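User: I'm new to reading protein structures. Please walk me through this one, one feature at a time.

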Amino acid sequence: MTIGIDQIAFDTPAFYVDLRELAAARDIAPDKFTIGIGQDQQAVAPSSQDIVTLGAAAASRLQLDPKRLGLIALGTESGVDASKAATLYLQRLLGLGPWVRAVELKEACYGGTAALMMARDYVAAHPDRQALVIAADIARYGLATSGEVTQGAGAVAMVVSIAPRLLALADDSVHYAEDIQDFWRPVYTDQALARGKYSTEQYLRFFDLVWRRYQAISGRTIADFKALLFHLPYTKMGLKALRQVLPEATAAQQAELTAAFETSARYSRRVGNLYTGSLYLSLLSLLDGAANLQAGDRLGLFSYGSGAVGEFFSATLVPGFEAQLTAAANLARLDARRRLSVAEYEAVFADKVPYGPAAYQANPAWFAGRFLLIGVQNQERQYQALTE
Ligand code: CAA
């Protein structure tokens, strides 16, 4: 029985800031951001957009079968409630039926992969069902911090089922977990704390560990992969990981893997860090942009969540996968975003839902998108779905 990703879609806020402009405002050489970090633009989420609205918008682009949908699993590390799963708001906004298992999973940027693997196991146990997997996040480090250039926002949604029309997931995951303190976010703040350099070292160490063990267990080598995809907190991070294993490949394959990586990084360069969704945005970017992919090609995926968990697994393209892609619409969505000045970005960044009991009204001037967080009344979030 083949289980895998049947459909995939993404969403990101309607606003962005140009990182050369941000570099200039911070008195930093622009090449540091565009070359040293590998980011060109950064999604800016107004307070009317959160993981619920972004996740709902991404999932609304999928064709779900209400009779078969049995699980909704949302991976996030920017949850809006310490108790209730954001999945439940999302289920209502999307008009999905009640006969589902609906949960939220957390382990930093690994949460989306945890949701995907849970979905795969669920479908293995219930082959007549499909699962909706959502990875949604808003990455915030704070104005003028060293992490500011690695912020971003968005969501990726996927349908997991048997006989997938896009990608077959291999049952070959290798995962590694260890209690380290490289990045975390205490419950009283919406801004992450990171030991920046240390986190990048740990990312590479975890990749090395799971990659070596994957090869030992599966018997596969780098020659078996058409592309290697990475969690991209910023695209240079993934490039560093790729470079770590490139010497294992022939010169011709090194060129092919590098080109595939660049294709996989295109969307992230324009959106920034999606935390849980970043690996899957790089998958979408590769699928949308690589002209040389064929059914049967094997892709390797490395997921990393600070704290930390690392996982490497593979997936193969299935015949007819091209019919599941919506590259033109995805690019059009990115192109249609409004560019904010640095001053506008800073104003949007500062206007946020309070971490406290006060009522809050989101500024209608920044309303954009099909799903909105209107505000907070009596400590309850008020969402609205607009009809298209
Ligand atoms: N032209 C070209 N390149 C330049 C340059 C210039 N003028 N100036 C500097 N650079 C290069 C540097 O040489 C460096 O390149 P290398 O890494 O290849 O050596 C690069 O730009 C970055 O420079 P710094 O190391 O000086 O950058 P920094 O100290 O400002 O911090 C960071 C970078 C640590 C990533 C910081 O942005 C940060 O803390 N980000 C948040 C944490 C993070 O994203 N960690 C990633 C791993 S953890 C994870 O993956 C989970 C997650 O999503 C958070």
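**Strands and their partners**

Analyst: Let's start with one pair of residues: F230 stands opposite F302, which belongs to β13. Before we go further, keep in mind that this is a predicted model.

User: Okay, which sense do β12 and β13 pair in, parallel or antiparallel?

Analyst: To read a pair of strands, ask two things: what direction they take and how many bridges link them. Here β12 (residues 227–230) and β13 pair in the parallel sense, over 4 bridges. Now look at β14 (residues 309–317): 8 bridges join this strand to β13, and the two run antiparallel. If you want a spot to look for in that second pairing, find L299, which stands opposite A315 in β14.

User: How many residues sit between β13 and β14?

Analyst: There are 3 residues between them, and the two strands form a hairpin. In the turn you'll find G307, with a positive phi of about 120 degrees. Follow the chain one step and there's a cis peptide bond joining G307 and A308, with omega at about 5 degrees. A308 is in the loop between β13 and β14.

User: What should I expect for phi and for peptide bonds in general?

Analyst: Phi is negative for most residues other than glycine, and most peptide bonds are trans. That's the background to keep in mind when you scan the loops. Take A163: this residue isn't a glycine, yet its phi is positive, at about 45 degrees. You'll find A163 in the loop between β7 (152–162) and β8 (167–169). Q379 isn't a glycine either, and its phi is positive at about 65 degrees. That one is in the loop between β17 and β18.

**Buried and exposed**

User: Is A163 buried or exposed?

Analyst: To decide, you compare the relative accessible area with a cut-off: under 20% is buried and over 50% is exposed. A163 has 56% relative accessibility, so it counts as exposed. Q379 has 60%, so it counts as exposed too. F302, back in strand β13, has a relative accessible area of 0%, so it's buried.

User: And how many residues of β13 are buried?

Analyst: Strand β13 (residues 298–305) is mostly covered, with 8 of its 8 residues buried. A good habit with strands is to check each face separately. On one side of β13 you have R298, G300, F302 and Y304, on the other L299, L301, S303 and G305, and all of them are buried. For a sense of what the fold brings together, F302 and S173 are 129 residues apart in sequence but 9.8 Å apart in space, C-alpha to C-alpha.

User: Why is helix α3 described as largely enclosed?

Analyst: You can use the same counting on a helix. In α3 (residues 51–59), 9 of the 9 residues are buried, so the helix is largely enclosed by the rest of the structure. Among them are I51, V52 and L54. Helix ends deserve a look too: D50 caps the N-terminal end of α3, with a side-chain oxygen 2.9 Å from the backbone nitrogen of V52.

**A sheet and a ligand**

User: What is the strand order in the open sheet of 3 strands?

Analyst: To read a sheet, list the strands in order and then look for the edges. This one goes β16-β17-β18, with antiparallel pairing. The edge strands, each pairing on one side only, are β16 (360–361) and β18 (380–385). Between β16 and β17 (residues 371–377) there are 2 bridges, and Q361 stands opposite G375 in β17.

User: Now the ligand. Which residues come nearest to it?

Analyst: Start with who's around, then look for polar contacts. There are 26 residues around the ligand, and K32, S146, H231, K236 and K240 come nearest. The K240 side chain has an N or O atom 2.4 Å from an oxygen atom of the ligand. S199 has a polar side-chain atom 2.8 Å from a ligand nitrogen, and for T150 a side-chain N or O atom is 3.4 Å from a nitrogen of the ligand. On its own the ligand has 1,100 Å² of accessible area, and the protein covers 73% of that.

User: Which elements give two or more residues to the shell around the ligand?

Analyst: They are α2 (30–37), α6 (196–218) and α7 (235–245). α6 gives the most, with 5 residues. As for the space the ligand takes, it's the second largest pocket.

How values were computed:
Residues are numbered from 1 along each chain as its sequence is written. This is a predicted model: local features need pLDDT of at least 70, side-chain atom pairs count only at pLDDT 80 or more; totals for chains, interfaces and linings use all residues. Side-chain values use heavy atoms; hydrogens and water are left out. Buried means under 20% relative accessible area, exposed over 50%, partly exposed in between (1.4 Å probe, protein chains only). Two strands pair if DSSP finds at least two bridges between them. A residue is near a molecule or strand if one of its heavy atoms lies within 4 Å of it. A polar contact is a pair of N or O atoms within 3.5 Å; within protein, one must be able to donate a hydrogen and the other to accept it, and residues adjacent in sequence count only if both atoms are side-chain atoms. Accessible areas come from the Shrake-Rupley method with a 1.4 Å probe; for residues, only the protein chains shown count as cover. On a 1 Å grid over the protein atoms alone, a cavity is a set of points where a 1.4 Å probe fits but cannot get out, and a pocket is an open set with protein on both sides within 12 Å along at least five of seven lines; lining residues have an atom within 4 Å of a point. A molecule sits in a cavity or pocket if more than half of its atoms lie within 2 Å of its grid points.
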